[in-house]
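Here's a quick walk through one chain, from a single residue pair out to the whole fold. Have a look at the model before reading on.

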Amino acid sequence: MAKRMDPELLYVECSQCGFPVLWAAGDTTRILRGAGIDFSALDERCMIVSEGCPRCNPDEKIFSTHVVRLSQERPVHRPGPGTN
Ligand SMILES: [Zn+2]
């Protein structure tokens, strides 16, 4: 069962300064919709990257955004079956 991800819950980070970007309630939905991003493809492993933010680009009002999916390729060292 795929649960629909609420875009408002996604973490947004600025690619320029690396700070988390805090959008007002409803803005994430509006911005993603404006960027043509398919909400049904989002899940909790996605995050949003903004090309700039009001912190590092105070003159800009509109920032292009895209969604990145975090991979789960963390090395897991798990003892194999049979080891105690
Ligand atoms: Zn920034």
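## A pair to start from

Let's begin in the middle of things: methionine 47 sits opposite valine 68, a residue of E3. Keep in mind that this is a predicted model.

The pairing around that spot joins strand E2, residues 46-50, to E3. The two strands run antiparallel, and 5 bridges link them.

## The sheet

Zooming out, what is the strand order of the open sheet? Reading across, the order is E1-E2-E3, and the pairing among these 3 strands is mixed. Strand E1 (11-14) and strand E3 (65-69) form the edges, each with a partner on one side only. On average, neighbouring strands in this sheet are turned by 30° relative to each other, ignoring direction.

## The whole chain

So much for the sheet; here's the rest. The protein chain has 3 strands plus 1 helix, and starting at the N terminus the elements come in the order β-α-β-β. The helix, H1, covers residues 27-34.

As for packing, 15% of the chain's 84 residues count as buried. Looking at contacts with a separation of 6 or more, 55% of them are between residues 24 or more positions apart.

## How confident is the prediction?

For the protein chain, the mean pLDDT comes out at 84, with 82% of the residues at 70 or more.

Which elements mark the two ends of the confidence range? E1 has the highest confidence, with a mean of 94, while helix H1 has the lowest, at 88.

Definitions and conventions:
Residues are numbered from 1 along each chain as its sequence is written. This is a predicted model: local features need pLDDT of at least 70, side-chain atom pairs count only at pLDDT 80 or more; totals for chains, interfaces and linings use all residues. Helices (H or I, at least four residues) and strands (E, at least two) are DSSP runs, numbered from the N terminus. A residue is buried if 20 or more other C-beta atoms lie within 10 Å of its own, exposed if 12 or fewer, and partly exposed in between; C-beta atoms are placed from the backbone. Two residues are in contact if their C-beta atoms, placed from the backbone, lie within 7 Å. Two strands pair if DSSP finds at least two bridges between them. Axes are lines fitted to C-alpha atoms, for helices over the stretch in contact, and angles run from 0 to 180 degrees between N-to-C directions. pLDDT is the predictor's confidence in each residue, from 0 to 100.
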